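Welcome! Here are some exercises with worked solutions for getting to know a structure step by step. Have a look at the model first, then try each task before reading on.

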Amino acid sequence: MASHKKQQLLDTALVLFVEHGIQATATAKIAQQAGVANGTLFHHFATKKDLVDSLYLLTKTELSAAMPPAEPSLSLQQQIQHYWNSGLTWAQHNPIKLQFLRQIASDPSFSLRQQHDMMTTTMSFLMALIETGIRQGELVDRPLPMLLNFCHSQYLATASLLIEYPDYANDPECQQHAFDLLWQAIVAHE
């Protein structure tokens, strides 16, 4: 039963954070909307920050799980496109969770370092792929945090666009153009 209440709190917080913003949503409102006492919320999450961090980890873990491993025999470009497409598909099925990720990305209380640490925790396979691409000279030789930030920003922007414009999401040519923009920015040019 405790696990059910914890999930209920996370689900409620997600909706309220997206509707009202993370900073503007009081824990009392989350507890009230979830139908639990304030004490129950603080039993599961010592602080609001713990609640937000838990929801962020849960969301990023879910996104990561939606990205099945790419076939190692594929080219670097094909592997990155595989993860890109998998991530976009997840976003289209989870627009509220994507909006929450966008809020975290623009929330000044979440540093880029924290966001990169979360990526290290949940998506180390992407980081390893990018590092391999840099070492092999296939990707531009830039600091990893710079490339991660760029790719993450492009992902959030593209996923949001595809949600807002479903015709683009259903057009394979538009999806290819979106990936091409990312790839052209990170591929090493001769």
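**Exercise 1. Two helices in contact**

Find which residues of helix 5 meet which residues of helix 9, then describe how the two helices pack.

*Solution.* Please keep in mind that this is a predicted model.

Step 1: On the helix 5 side, the contact is made by W84, G87, L88, W90, A91 and Q92. Facing them from helix 9 are C151, Q154, Y155, T158, A159, L162 and I163.

Step 2: The axes of helix 5 and helix 9 lie 9 Å apart, and the packing angle is about 45 degrees.

Step 3: Angles from 65 to 115 degrees count as roughly perpendicular and those under 35 as roughly parallel. Helix 5 and helix 9 are therefore oblique to each other.

Step 4: Their crossing is right-handed.

**Exercise 2. A residue at that contact**

Is Q92 buried, exposed or partly exposed? Then list what Q92 touches.

*Solution.* Step 1: Locate Q92, which sits in helix 5.

Step 2: Buried means under 20% relative accessible area, and exposed means over 50%. Q92 has 30%, so Q92 is partly exposed.

Step 3: Leaving out neighbours within four places in sequence, Q92 is in contact with L162, I163, A169 and Q175. Of the helix 9 residues that meet helix 5, L162 and I163 are two.

Step 4: Now try a distance in the other direction along the chain. Q92 and S109 are 17 residues apart in sequence, and their C-alpha atoms are separated by 27 Å.

**Exercise 3. Another partner for helix 5**

At what angle do helix 5 and helix 11 pack?

*Solution.* Step 1: Helix 5 covers residues 76–93 and helix 11 covers residues 172–186. They pack at about 130 degrees, with axes 11 Å apart.

Step 2: That angle makes helix 5 oblique to helix 11.

Step 3: The crossing of helix 5 past helix 11 is right-handed.

Step 4: The residues that meet include I80, W84 and L88 from helix 5, and F179, L182 and W183 from helix 11.

**Exercise 4. Helix 6 and its neighbour**

Check whether the length of helix 6 agrees with what its residue count predicts, then describe its contact with helix 9.

*Solution.* Step 1: Helix 6 has 12 residues, 95–106, so at 1.5 Å a residue it should span 16 Å. Its end C-alpha atoms are 17 Å apart, which agrees.

Step 2: Its buried residues are L98, F100, L101, Q103 and I104.

Step 3: The axes of helix 6 and helix 9 come within 11 Å and cross at roughly 140 degrees. This crossing is left-handed.

Step 4: Helix 6 brings P95, L98, L101, R102 and A105 to the contact, while helix 9 brings H152, Y155, L156, A159, S160 and I163.

Step 5: Zoom in on L156, in helix 9. L156 counts as buried because its relative accessibility is 7%. Beyond its neighbours within four places in sequence, L156 touches L98, L101, R102 and A105. With R102, L156 is 54 residues apart in sequence but 6.5 Å apart in space, C-alpha to C-alpha.

**Exercise 5. The core and a loop**

Which residues have the most contacts inside the largest nonpolar core? Follow one of them to a loop.

*Solution.* Step 1: The largest nonpolar core has 57 residues, and F17, I80, F100 and Y155 have the most contacts inside it. Helix 9 (residues 144–164) gives the most to this core, with 8 residues.

Step 2: Choose F17. Beyond four places in sequence, its contacts include T25, I30, K48 and F100.

Step 3: T25 lies in the loop between helix 1 (2–20) and helix 2 (27–34). With 2% relative accessibility, T25 counts as buried. Its contacts outside its sequence neighbourhood of four places are L16, F17, H20, I30 and K48.

Step 4: A26 is in the loop between helix 1 and helix 2 too, but at 42% relative accessibility A26 counts as partly exposed.

**Exercise 6. The whole chain**

How many helices and strands does the protein have?

*Solution.* Step 1: The count is 11 helices and 0 strands.

Step 2: Of the 190 residues, 42% count as buried.

Step 3: Among contacts with a separation of 6 or more, 70% join residues 24 or more positions apart.

Step 4: The C-alpha trace spans about 60 × 35 × 30 Å along its principal axes.

Note on methods: Residues are numbered from 1 along each chain as its sequence is written. This is a predicted model: local features need pLDDT of at least 70, side-chain atom pairs count only at pLDDT 80 or more; totals for chains, interfaces and linings use all residues. Side-chain values use heavy atoms; hydrogens and water are left out. Helices (H or I, at least four residues) and strands (E, at least two) are DSSP runs, numbered from the N terminus. Buried means under 20% relative accessible area, exposed over 50%, partly exposed in between (1.4 Å probe, protein chains only). Contact means heavy atoms within 4.5 Å. The expected span of a helix is 1.5 Å times one less than its number of residues. A nonpolar core is a set of buried Ala, Val, Leu, Ile, Met, Phe, Trp, Tyr and Cys residues joined through side-chain atoms within 4.5 Å. Axes are lines fitted to C-alpha atoms, for helices over the stretch in contact, and angles run from 0 to 180 degrees between N-to-C directions. Angles under 35 degrees count as roughly parallel, over 145 as roughly antiparallel, 65 to 115 as roughly perpendicular and the rest as oblique. A crossing is left-handed if the near helix is turned anticlockwise from the far one by less than a right angle, and right-handed if clockwise.
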